[in-house]
Amino acid sequence: MKGLPQMAINKLTLPKIKKLKFDPEGPKKIADGAGLSFVLRKSEAMLWHFNYRFDGKQKTISFCDWPTTTLEMTREKRTEARRFEVPLDL
């Protein structure tokens, strides 16, 4: 991705996501890279989160649930959000 520092991105695959198990201890967060994470909650909700910094503070945008929002769609949303020099504070 243009404009991003060199880091591992697109680490998740559909087979990896399908193999993930819920943790009864609490939420489980699996990084895809460049601020995007897949979150499994005790309530069995599976969500996409995008973390970024705004005004020196970490913020999170939720990109809907999985499988409603696919891995490819979520990566496109991450790329779109990264196009802003300073992400919008939604």
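**Exercise 1.** Which strands does helix α2 lie across, and at about what angle does the helix run to β3?

*Solution.* Keep in mind that you're working with a predicted model. Start by finding helix α2, which covers residues 71–82. Then look at what sits against the helix: α2 lies across β1, β2, β3 and β4. Finally, take the direction of β3 as the reference; helix α2 runs at about 10° to that strand.

**Exercise 2.** Work out the strand order of the sheet and find which strands stand at its edges.

*Solution.* First, the order: four strands make an open sheet, arranged β1-β2-β3-β4 with antiparallel pairing. Next, the edges: β1 (28–33) and β4 (57–65) each have a single partner strand, so one side of each has no neighbour in the sheet. For the twist, ignore strand direction: on average, neighbouring strands here are turned by 30° against each other.

**Exercise 3.** Follow β3 through its pairings with β2 and β4, naming an opposite residue in each.

*Solution.* Take β2 to begin with. Strand β2 (residues 36–40) runs antiparallel to β3 (residues 46–54), and five bridges join the two. In this pairing, Phe50 of β3 stands opposite Leu36.

Now move to β4. Seven bridges pair β3 with β4, again in the antiparallel sense. Here Arg53 has Gln58 in β4 as its bridge partner.

Last, check the connection. A hairpin is formed by β3 and β4, with two residues between them. Have a look at Asp55 in that turn: its phi is positive, at about 55°.

**Exercise 4.** Find the salt bridges of Asp32 and decide whether the residues involved are buried or exposed.

*Solution.* As a warm-up, recall that side chains of opposite charge can pair when their charged atoms come close.

Step one: count. The structure holds two salt bridges.

Step two: take Arg75. Asp32 forms a salt bridge with Arg75, and their closest N and O atoms are 2.9 Å apart. Asp32 sits in strand β1 and Arg75 in helix α2, so this pair ties together parts 43 residues apart in sequence.

Step three: take Arg78. Asp32 also forms a salt bridge with Arg78, with the closest N and O atoms 3.3 Å apart. That pair also links distant parts of the chain, Asp32 in strand β1 and Arg78 in helix α2, 46 residues apart.

Step four: check burial, for which the cut-off is under 20% relative accessible area. Asp32 has 0% relative accessibility, so Asp32 counts as buried. Arg75 is buried too. Arg78, at 1%, also counts as buried.

Step five: put the pieces together. Through shared partners, the salt bridges join Asp32, Arg75 and Arg78 into one network.

Conventions: Residues are numbered from 1 along each chain as its sequence is written. This is a predicted model: local features need pLDDT of at least 70, side-chain atom pairs count only at pLDDT 80 or more; totals for chains, interfaces and linings use all residues. Side-chain values use heavy atoms; hydrogens and water are left out. Two strands pair if DSSP finds at least two bridges between them. Axes are lines fitted to C-alpha atoms, for helices over the stretch in contact, and angles run from 0 to 180 degrees between N-to-C directions. Contact means heavy atoms within 4.5 Å. A salt bridge is a side-chain nitrogen of Lys or Arg within 4 Å of a carboxyl oxygen of Asp or Glu. Buried means under 20% relative accessible area, exposed over 50%, partly exposed in between (1.4 Å probe, protein chains only).
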